[in-house]
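User: Please take a close look at one side chain and its surroundings, and then place that part within the rest of the chain. A connected account would be preferred.

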Amino acid sequence: MSEATTLPKTVSIDGVEYEVEKLSDRVKRLIAIYGKWTDETAELRLSLAKNEAALRDLTREISETVKTEAAETTEVVGE
């Protein structure tokens, strides 16, 4: 297991608290993977939220631009 991996001091499984330092290396690796994947999931959720916000903004800009251009075209045709 990497030195950079930060493990929690305890884990709770089925309501029982276990000290991580007393668990096997295999369990520690699994807990490390769980932590890494949890962090990655949080990062993906943040990225998704940013993309969704950007899409809403882009949708608003497209809508406003189409309406503006349509109004300009109508004015020219109507004159």
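What relative accessibility does D57 have, and as what does D57 count?

Analyst: D57 has a relative accessibility of 41% and counts as partly exposed; the class runs between buried (under 20% relative accessible area) and exposed (over 50%), with a 1.4 Å probe and protein chains only as cover. The model is a predicted one, in which local features need a pLDDT of at least 70 and side-chain atom pairs count only at pLDDT 80 or more, whereas totals for chains, interfaces and linings use all residues. Residues are numbered from 1 along each chain as its sequence is written, and side-chain values use heavy atoms, with hydrogens and water left out.

The partner of D57 is R60: the two form a salt bridge in which the closest N and O atoms are 3.5 Å apart. A salt bridge here is a side-chain nitrogen of Lys or Arg within 4 Å of a carboxyl oxygen of Asp or Glu. Both residues lie in helix 1, three residues apart, which is about one turn of the helix. R60 is also partly exposed, with a relative accessible area of 46%. Side chains of opposite charge can pair when their charged atoms come close.

Helix 1 holds a further pair of this kind, made by E40 and K36, with 3.8 Å between the closest N and O atoms. Four residues, about one turn of the helix, separate E40 from K36, and E40 is partly exposed at a relative accessible area of 34%. The total by this rule is three salt bridges. One of them joins the side chains of E19 and K22 at 3.6 Å, N to O. There, E19 is partly exposed with a relative accessible area of 39%, while K22 counts as exposed at 64% relative accessibility.

The surroundings of D57 along the sequence also include nonpolar side chains. L55, L58, I62 and V66 make a nonpolar surface patch of about 370 Å²; patches are made of residues with over 30% relative accessible area and no salt bridge, like charges being joined within 9 Å and nonpolar side chains (Val, Leu, Ile, Met, Phe, Trp, Tyr) within 5 Å. I62, a member of this patch, lies in helix 1 and is partly exposed at 48% relative accessibility. Elsewhere in helix 1 is I33, whose relative accessible area of 38% makes it partly exposed. The C-alpha atom of I33 is separated by 9.4 Å from that of T5, although the two residues are 28 apart along the chain.

The setting of the helix can now be described. The protein chain has one helix and two strands, which follow the pattern β-β-α when read along the sequence; helices (H or I, at least four residues) and strands (E, at least two) are DSSP runs, numbered from the N terminus. Strand 1 and strand 2 pair in the antiparallel sense over four bridges, a pairing being counted if DSSP finds at least two bridges between two strands. Within this pairing, T10 stands opposite E19 in strand 2, and V11 stands opposite Y18 in strand 2. E19 thus appears both in the strand pairing and in the salt bridge with K22.

The hairpin of the two strands has two residues between them, and D14 takes a positive phi near 50° there. D14 is not a glycine and lies in the loop between strand 1 (10–13) and strand 2. Most residues other than glycine have a negative phi, and most peptide bonds are trans. D14 is exposed, with a relative accessible area of 78%.

Over the whole chain of 79 residues, 6% count as buried. The accessible surface comes to about 7200 Å², of which 56% belongs to carbon and sulfur atoms; these areas come from the Shrake-Rupley method with a 1.4 Å probe, and for residues only the protein chains shown count as cover. As for confidence, the chain averages a pLDDT of 91, and 89% of the residues score at least 70; pLDDT is the predictor's confidence in each residue, from 0 to 100. Among the elements, helix 1 (residues 25–78) has the lowest mean pLDDT, 93, and strand 2 (residues 16–19) the highest, 98. Where pLDDT is low, the predicted coordinates should not be read in detail.
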